[in-house]
Structures are given as C-alpha cells and as structure tokens.
Amino acid sequence: PGARPLLLAHTYPGSVLDYVDMIDSLVDPVAHGGRAEDAFDVVVPSMPGFGFSTPLVGSWTIARVATAYDTLMRRLGYDAYGIHGSDGGALVARALAVQNPTSFLGAHVLHLFSFPTGAPGEMDGFGEKEYAALGHLQWFQSVGGYNQMNGTRPQTIGAALADSPVAVLAYSELFENFGNGTSLVRPEQVLAQVSLYWLTNTYATAARYHFEEQRAGAEPVVSQGRLGVAVFKDDFQTIRAFAERDNANIVHWSEFPRGGHFAAMEAPEDVVSDLRTFFARS
C-alpha cells in the first residue's frame, strides 16, 4: 500500500529482461535491506517494436513512445508515476520529462545525451574528468558502427538478423564490449536477450528507431521536468555542464565506481539504491 508507481524503460539492444534482477528489490524492499516506504509498484513495458510489443503500424519515434507510456500508466490507473531509463530508455524518460505530464514524479536516467555544440567558451573550466568523458565518447564513435547501419539501412541489417543466429550473436557483442572490455554483463544474460529478440523476430523494428529519429526533425528543447542522473564508471559519461545546459531541473546526481552501460544487469543493487534515494525526495 502506498508504493510509488515506477515505469522501467529498457535499453537498446536490451529488453524487459534488463530489469529481471531489480524487480524483487523494488517491490519488496524490506526483504532486501530497505524500508517498507521504499516500495515501488513496477511496470516494465516492452518498447514498441521490441520483444512482445509487435507488430508496429506507422512511424515510431522516442517522443511517441513517451506519449504512449504516459497513456499506458493512466489507463493502468496511476494518477502519478515516475520513470527510470537507460540508453534508449533514458531518451524516452527525458522525453517524458520534457512533456512533464500532470503529477509526474520525475525521470531517473543513467544517461543524458548532451554534447558540445561548438559554442565559444563552453569547455572553459573543464578538467581531467570532463576531457576523459569526451575521450570515451570519441572512442565509442570510432567503434559504434551499428548506429550508422541502423540509421541508414535498418531493413538490410534486419534481414540478416532475422535469418542468422550467428549474425544475432555477433551483433549482440555490444553487451560485453560497450565499455571497451570492462562490461560485467554475463554470457547467460546476453543469451537471454538474444533469445527474446530471436524468438519474437524483432531486430528490424528495434533497429528502425535510429532511422526514424534521424528523420524526425525534432528541434532541441530544454527540459523543465524533474530529473535525476546516475553515472557509472565504465559507461558513457554524462558531462554535467552540458546536461545542466539542456535540462533545467536536475535535482539529483550520483556517480558509482563500478558498472557500465548496462548497469541494471551489471550492478542492479546500486541502481535500486539510487532509485530509492531519488524518488524518496519526490
């Protein structure tokens, strides 16, 4: 009774399986070292086009998913709720913060994708930490070819992934290599994710988001919604100065010495703890 409604928005190339190791701690905190008042009422939807949320009709963008998730939560009977997201799920969570619907409790994200604009002086005051974050981004751009493939030829790679288990496993190396060899994702977790995609034949519709977003024509907007950020050591490093430029209401910021891009699978206890802290203040 009184549990906070919380929607968990999964990654790409992840799925609802991202959160398997977090759900028990969120819904039954007393059994996992927390307090009864830390309990969440958890909803974990498949993003349209992923896993069981198919088939799709028409063009789906991140903003459309955010609107659909708000509709989902209202139809489930929640007057107020929060959202947590990572990667693609973080984009959806921020889009909800931009929309800032009635009684929105806030968005807790592992990433805010705010980048240099080339404006004079925007890196004034940057130190070793900020330049290391930019270095990580540069490394990812040098190896992130799947972004280009998905964004320009989603049907081509979709055909390969629908046809070949070897292609599926090769394309899923991202789970273990995003952090340049530091990932804590276990092989059995990768196989579970791969199996869900393979059995539902949803690689093509998942990949298509890159294509649709590149052609959405959305203008940049400063978010006014309540936001919390958790940054993990071996993940994309959100640069706070850029994040605060693009998001006016960041009320929580934490950093963790362990874990990477798929923190819900790598360090679920830390994500749960940070969720409790952020939403306790809402």
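Colleague: I see that the axes of helix α6 (residues 154-163) and helix α10 (residues 203-214) come within 9 Å and cross at roughly 160°. Why is α6 called roughly antiparallel to α10?

Modeller: Angles over 145 degrees count as roughly antiparallel, under 35 as roughly parallel, 65 to 115 as roughly perpendicular and the rest as oblique. The crossing is at roughly 160°, so α6 is roughly antiparallel to α10. Axes here are lines fitted to C-alpha atoms, for helices over the stretch in contact, and angles run from 0 to 180 degrees between N-to-C directions. Helices are DSSP runs of H or I with at least four residues, and strands are runs of E with at least two, numbered from the N terminus.

Before we go on: this is a predicted model, where local features need pLDDT of at least 70, side-chain atom pairs count only at pLDDT 80 or more, and totals for chains, interfaces and linings use all residues. Residues are numbered from 1 along each chain as its sequence is written, and side-chain values use heavy atoms, leaving out hydrogens and water.

Colleague: Which residues make the contact of α6 and α10?

Modeller: On the α6 side they are P154, Q155, I157, G158 and L161, and α10 brings Y203, A204, A207, R208 and F211. Contact means heavy atoms within 4.5 Å. By class, that gives 7 nonpolar, 2 polar and 1 charged residues. Ala, Val, Leu, Ile, Met, Phe, Trp, Tyr, Cys and Pro count as nonpolar, Asp, Glu, Lys and Arg as charged, and the others, Gly among them, as polar.

Colleague: How do you know whether α5 and α10 are roughly parallel or roughly perpendicular to each other?

Modeller: Helix α5 (residues 145-152) packs against α10 at about 70°, with the axes 6 Å apart. Set that angle against the cut-offs, and α5 and α10 are therefore roughly perpendicular. Here Y146, N147, N150, G151 and T152 of α5 meet A207, H210, F211 and Q214 of α10. This contact has 3 nonpolar, 6 polar and no charged residues.

Colleague: Why is D87 called buried?

Modeller: Buried means under 20% relative accessible area, exposed over 50%, and partly exposed in between (1.4 Å probe, protein chains only). D87 has 13%, so it counts as buried. You'll find D87 in the loop between β3 (81-85) and α3, with a phi near 55°, positive in a residue other than glycine.

Colleague: And what makes S103 partly exposed?

Modeller: Its relative accessible area is 40%, so S103 falls between the two limits. S103 sits in the loop between α3 and β4 (104-109) and has a positive phi of about 65° without being a glycine. Most residues other than glycine have a negative phi, and most peptide bonds are trans.

Colleague: Which peptide bond ending at P13 or P55 is cis?

Modeller: Both: Y12 to P13 is cis with omega near 5°, and T54 to P55 is cis with omega near 0°. P13 lies in the loop between β1 (4-9) and α1 (23-27), while P55 is in the loop between β2 (40-43) and α2 (62-75).

Colleague: What makes a set of residues a nonpolar core?

Modeller: The members are buried Ala, Val, Leu, Ile, Met, Phe, Trp, Tyr and Cys residues joined through side-chain atoms within 4.5 Å. In the largest one, of 51 residues, M47, Y69, I83 and V92 touch the most other members. Helix α3 (residues 88-99) gives the most to this core, with 6 residues.
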